Each structure stands twice: as structure tokens, then as C-alpha cells.
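Trainee: I should like a close look at a single part of this model, beginning with one loop and continuing to whatever follows from there. Please define each term when it first arises.

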Amino acid sequence: GKKAFIFDLDGVIVDTAKYHYLAWRELANQLGFEFTKEQNEQLKGVSRVRSLEILLGIGNKHLDDDIKIKLLHEKNEQYLKYIAKMDHTEILPGIDDLLNYLKFEKIPFSLGSASKNARLILETLNLMGLFDSIVDGNDVSTAKPDPEVFLKAAEKLGVQPQDCIVVEDAQAGIQAANLAGMTSIGIGDKKVLSEADFVLKETSELTIGFVQNLIA
Ligand code: G6P
Ligand code: MG
């Protein structure tokens, strides 16, 4: 069937993964514990609520639900402050060219993100109109590694899961893509993303040539 692409947002389209990390780290420090970059890999791709659970587990903190709700709100406020300062220079290398190439070739593509801020970020970057479909944290009930987000994206695009190619920077995202029966491309560390069908060190390696070979 006709091939289609599904892109994760944070850490694939735009360099926001670092802002999620900074905001979570500030929260951890405020609660009195350290939170390292290595530990942060566990939070990538995971929903906001699930991220807090993992973070509190790392810090061995047991908090009441009303406090957790407050912390989720604080984290997001902090994150949004970083987002507000963002501009198109934070679109990751090669992504703009690739999206425009896919558009030109009429290869459909969707967003498949866990973020509830996804639409805001795409609007800010002027990328919203390029996507044939958007599935984000507001549209799903189960978080990656559950394949729901990607299966919904395939459905919206009107393509079969096996014809979809997912681009992801998170281990949970690669697992979700694999569970959906899709081809997975990991962007980042080979050790973290070992379950992916292909691993590229950074988005600049996701060239038009690479994509042409893949879909040929
Ligand atoms: C993405 C990011 C996660 C983030 C999640 C929820 O999957 O990789 O780090 O926690 O989205 O994002 P949100 O913007 O809704 O807090
Ligand atoms: Mg990501």
C-alpha cells in the first residue's frame, strides 16, 4: 500500500525534549532530589501524568493526589515559559526540508505525540498546516508504549499500519511503533533505541536520500 510517515514531536520535529527535562529537573530539585539525563530517558515519550509517577518513583516520594495535580500544573507552567521563547530555529536540522519533500511527493504524514501542548507548538513554529493529520495527548487514553496514538494516526491518514514509518526519539515511542506493526526509526542513542528498525544519531541524518531508499 501507499507509504505514510508518523512523526513524534518532542525531540524529533523540535528541540523541546531539553525543556521537558529542565522543567522536570527543577521539580525534582525542589522536592529535594537529583534527576539525571540518563534517568530522563525513562520520561521521554511518556504522558505528563505517567512522567510524574516515574519521577516520584526515582525520588522515592509518596505524595497525595492534590499535591500531584499541583506539581503537574507547575511543571507545565514552567515548560510553557520555555516554549514561549521558542522560534523556528529550534526546528531540528533537516526536518523542514523533509516535511516539504514529503508534501511535494504527496506522501502523507501525521503527528503522533503524547504532548497536550503539541498543537500550540506546531502553531508557534508555523508547521501546523503541513500535517495531514494530528494525533496528540488530547486524543488518546493510553500513553506510549501503547500503540494507540500511532494506530489512530494511521486510521486518520487512511493507511495500513504496516505501511507507516514512525520517527521517534524515545524508547517508549519505538516500542509503541513496533507494537503497532509499523517501521520504526529511532533518533538518538543506539543503546537506548536498540529495538528500532533503524537508528540515526540525529535528525540531520534523516535525509531525503535516506527516505527515498526506505520507501523504494
Ligand atoms: C512527549 C514528551 C514527554 C512529555 C509528554 C507529555 O511524549 O516526550 O517528555 O512529558 O510528551 O507532554 P505535555 O506537553 O503534554 O506535558
Ligand atoms: Mg519524543
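Mentor: Pro145 is found in the loop between β3 and α7; helices here are DSSP runs of H or I with at least four residues, strands are runs of E with at least two, and both are numbered from the N terminus. The peptide bond between Lys144 and Pro145 is cis, with omega of about 15°. Most peptide bonds are trans, and most residues other than glycine have a negative phi. The model is predicted, so that local features need pLDDT of at least 70 and side-chain atom pairs count only at pLDDT 80 or more, whereas totals for chains, interfaces and linings use all residues. Residues are numbered from 1 along each chain as its sequence is written, while chains are lettered from A and ligands numbered from 1 in the order in which they are written.

Helix α7 spans residues 148-157, and its buried residues are Val149, Phe150, Leu151, Ala153, Ala154 and Leu157. A residue counts as buried if 20 or more other C-beta atoms, placed from the backbone, lie within 10 Å of its own, as exposed if 12 or fewer do, and as partly exposed in between. The cover over these buried residues includes the strands β1 (4-7), β2 (109-112), β3 (133-135) and β4 (164-168), together with helix α8 (171-179); such contacts require C-beta atoms, placed from the backbone, within 7 Å. Just after α7, Gly158 takes a positive phi of about 75°.

On the other side of β3 in sequence, Asn126 is found in the loop between α6 (118-124) and β3. Asn126 is not a glycine, yet its phi is positive, about 65°. Asn126 counts as exposed because it has 11 C-beta neighbours inside 10 Å. A comparable description applies to another asparagine. Asn60 is found in the loop between α3 and α4, and its phi is near 55°, again a positive value in a residue other than glycine. Asn60 is exposed because 7 other C-beta atoms lie within 10 Å.

The two helices that flank Asn60 also pack on each other. Helix α3 (residues 48-58) and helix α4 (residues 65-84) meet at an angle of about 110°, their axes 10 Å apart. Axes are lines fitted to C-alpha atoms, for helices over the stretch in contact, and angles run from 0 to 180 degrees between N-to-C directions. The two helices are therefore roughly perpendicular, a term for angles of 65 to 115 degrees; those under 35 count as roughly parallel, those over 145 as roughly antiparallel and the rest as oblique. Their crossing is right-handed: the near helix is turned clockwise from the far one by less than a right angle, whereas anticlockwise would be left-handed. Arg48, Val49 and Leu52 in α3 meet Lys68, Leu71, Leu72 and Asn76 in α4. These residues divide into four nonpolar, one polar and two charged, where Ala, Val, Leu, Ile, Met, Phe, Trp, Tyr, Cys and Pro count as nonpolar, Asp, Glu, Lys and Arg as charged, and the others, Gly among them, as polar.

Helix α4 also packs against α1, with axes that come within 9 Å and cross at roughly 140°. The helices α1 and α4 are therefore oblique to each other, and their crossing is right-handed. In α1, the residues in contact are Tyr19, His20, Leu22, Ala23, Trp24, Glu26 and Leu27, and in α4 they are Leu71, Glu74, Lys75, Gln78, Tyr79, Tyr82 and Ile83. This contact comprises nine nonpolar, two polar and three charged residues.

Phe35 follows in the loop between α1 (17-30) and α2 (37-40). Leaving aside residues up to four places away in sequence, Phe35 touches Trp24, Arg25, Ala28, Asn40, Leu55 and Ile58. Phe35 counts as partly exposed because it has 19 C-beta neighbours inside 10 Å.

Finally, Arg48 of the α3 contact reappears beside the ligand. Arg48, Ala114, Ser115, Lys116 and Asn117 come nearest among the 17 residues around ligand 1, a residue being near if its C-beta atom, placed from the backbone, lies within 6 Å. The shell around ligand 1 divides into four nonpolar, nine polar and four charged residues.

Methods. Two residues are in contact if their C-beta atoms, placed from the backbone, lie within 7 Å.
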